[in-house]
Amino acid sequence: MITGSKARTLSLSFRLGESTIRSIIQEVCNAIINKLMGIFIPTPNEERWKTIAQGFQDRWNFPNCIGAIDGKHVNIIAPANSGSLYFNYKKHFSVVLMAVVDDKYRFIIVDKGAFGRNSDGGIFASSKFARRLESNSLHIPNDKPLPESNRAIPHVFIGDEEFPLMKNLMRPYPRSRGLSEAQTIFNERLSRARKVVEDAFGILYQKFGIYNKSINPIHVDTLILATYIFT
């Protein structure tokens, strides 16, 4: 996964059949997910959210933020008989990684395998994360006053304009209309804090050469989850 070498190349290097190489990769990825997912990407509890919120306030000057959310397209080999389901606006076949990242560029919630033609907002709306957010089952801390304020404000995830505005999900003011100075400053602060998720995807792509090639769609879900764990 790190080098992005093809199965045929590995087959020649280790003198093993291509099917054996693919089987080994799948078994290793499944073992990584089963044994390490709960250790490196555990389900956050209330104390974990509070720690992340403090980190966003200290590092990125955005209080009450408990994560930055975004989607990333991963190129895949066109699946047979899939029509335009995986064909994205960049004219590639892809699946979309949807992830929430903390203040230190670490993945804390991951959702993989959505059709490439869908928008980030559409993928979010149909995700397990969105359902848990709407049902208030993510153990998000109670509202907390902002610095130098007595008014309690909800803890929020932050995303770009593709995402809906919700009690616990903040997006920038629309740029299509004239913004006040205060709204412009808010957008700049949100964009600065949200950049951690873009940087996290950049780290992922730089670390694992497999993302620089089109991935076999049969293996893409397990490969993605395994790389998340080691980013």
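Contact here means heavy atoms within 4.5 Å. I am working from a predicted model.

**Entry 1. Asn-187**

I started in helix 6, residues 181-207, where Asn-187 lies. I set aside the neighbours within four places in sequence and listed what Asn-187 touches: Pro-172, Tyr-173, Arg-175 and Leu-179. One of these, Tyr-173, has its backbone nitrogen 2.8 Å from a polar atom of the Asn-187 side chain. Is Asn-187 buried or exposed? Its relative accessibility is 11%, so I entered Asn-187 as buried, the cut-off for that word being under 20%.

**Entry 2. Arg-189**

I stayed in helix 6 and looked up Arg-189. Arg-189 comes out at 37% relative accessibility, so I noted it as partly exposed. Beyond four places in sequence, its contacts are Asn-61 and Phe-62. I also checked a distance from Arg-189 to Thr-222, which is 33 residues away along the chain. Their C-alpha atoms are 35 Å apart.

**Entry 3. Helix 7**

Thr-222 took me to helix 7, where it is one of the buried residues. The helix runs over residues 220-229, and 9 of its 10 residues are buried. Among them I wrote down Val-220, Leu-223, Ile-224, Thr-227 and Tyr-228.

**Entry 4. The largest nonpolar core**

Which residues have the most contacts inside the largest nonpolar core? I found Phe-124, Phe-157, Tyr-211 and Tyr-228, in a core of 60 residues. Helix 6 contributes the most to this core, with 8 residues. I then followed Tyr-211 outward, not counting residues up to four places away in sequence. Tyr-211 touches Val-74 and Leu-97, then Leu-204 and Tyr-205, and also Leu-223, Ile-224 and Thr-227. Leu-223, Ile-224 and Thr-227 are among the buried residues of helix 7.

**Entry 5. Gly-67**

Next I looked up Gly-67, which is in strand 1. At 0% relative accessibility, Gly-67 is buried. Setting aside its neighbours within four places in sequence, I listed Ile-52, Phe-56, Val-100, Val-101, Val-156, Phe-157 and Ile-158 as its contacts. Phe-157 was already in my notes as one of the residues with the most contacts inside the largest nonpolar core. For a distance I took Ser-11, which is 56 residues from Gly-67 along the chain. The two C-alpha atoms are separated by 41 Å.

**Entry 6. Ser-94**

I moved to strand 2 for Ser-94. Its relative accessible area is 0%, so Ser-94 is buried. Which side chains make polar contacts with the side chain of Ser-94? I found that of His-73 at 2.8 Å and that of Asn-88 at 2.7 Å. Both residues also appear among the contacts of Ser-94 beyond four places in sequence. The rest of that list is Val-74, Asn-75, Ile-76, Tyr-86, Ala-114, Phe-115 and Gly-116.

**Entry 7. The cavity**

How many cavities of 30 Å³ or more does the model have? I counted 1. The largest cavity holds about 30 Å³ of space. Its lining consists of Met-98, Ala-99, Val-100, Ile-109, Val-110, Asp-111 and Phe-129. Strand 2 (94-101) and strand 3 (107-115) are the elements that each give two or more residues to this lining. By type, I sorted the lining into 6 nonpolar residues, no polar and 1 charged. Val-100 in this lining is also on the contact list of Gly-67.

**Entry 8. Two asparagines with positive phi**

I ended with backbone angles. Most residues other than glycine have a negative phi. Asn-64 is not a glycine, yet its phi is positive, about 60 degrees. Asn-136 likewise has a positive phi, about 55 degrees. Where do the two residues lie? Asn-64 is in the loop between helix 3 (46-60) and strand 1 (65-75). Asn-136 is in the loop between helix 5 (128-134) and strand 4 (144-145). I then checked their accessibility. Asn-64 has a relative accessible area of 4%, so I put it down as buried. Asn-136 reaches 57% relative accessibility and counts as exposed, because the cut-off for exposed is over 50%.

Technical notes. Residues are numbered from 1 along each chain as its sequence is written. This is a predicted model: local features need pLDDT of at least 70, side-chain atom pairs count only at pLDDT 80 or more; totals for chains, interfaces and linings use all residues. Side-chain values use heavy atoms; hydrogens and water are left out. On a 1 Å grid over the protein atoms alone, a cavity is a set of points where a 1.4 Å probe fits but cannot get out, and a pocket is an open set with protein on both sides within 12 Å along at least five of seven lines; lining residues have an atom within 4 Å of a point. Grid points are joined across faces, edges and corners, and a volume is the space filled by probe spheres set on the points. Helices (H or I, at least four residues) and strands (E, at least two) are DSSP runs, numbered from the N terminus. Ala, Val, Leu, Ile, Met, Phe, Trp, Tyr, Cys and Pro count as nonpolar, Asp, Glu, Lys and Arg as charged, and the others, Gly among them, as polar. Buried means under 20% relative accessible area, exposed over 50%, partly exposed in between (1.4 Å probe, protein chains only). A polar contact is a pair of N or O atoms within 3.5 Å; within protein, one must be able to donate a hydrogen and the other to accept it, and residues adjacent in sequence count only if both atoms are side-chain atoms. A nonpolar core is a set of buried Ala, Val, Leu, Ile, Met, Phe, Trp, Tyr and Cys residues joined through side-chain atoms within 4.5 Å.
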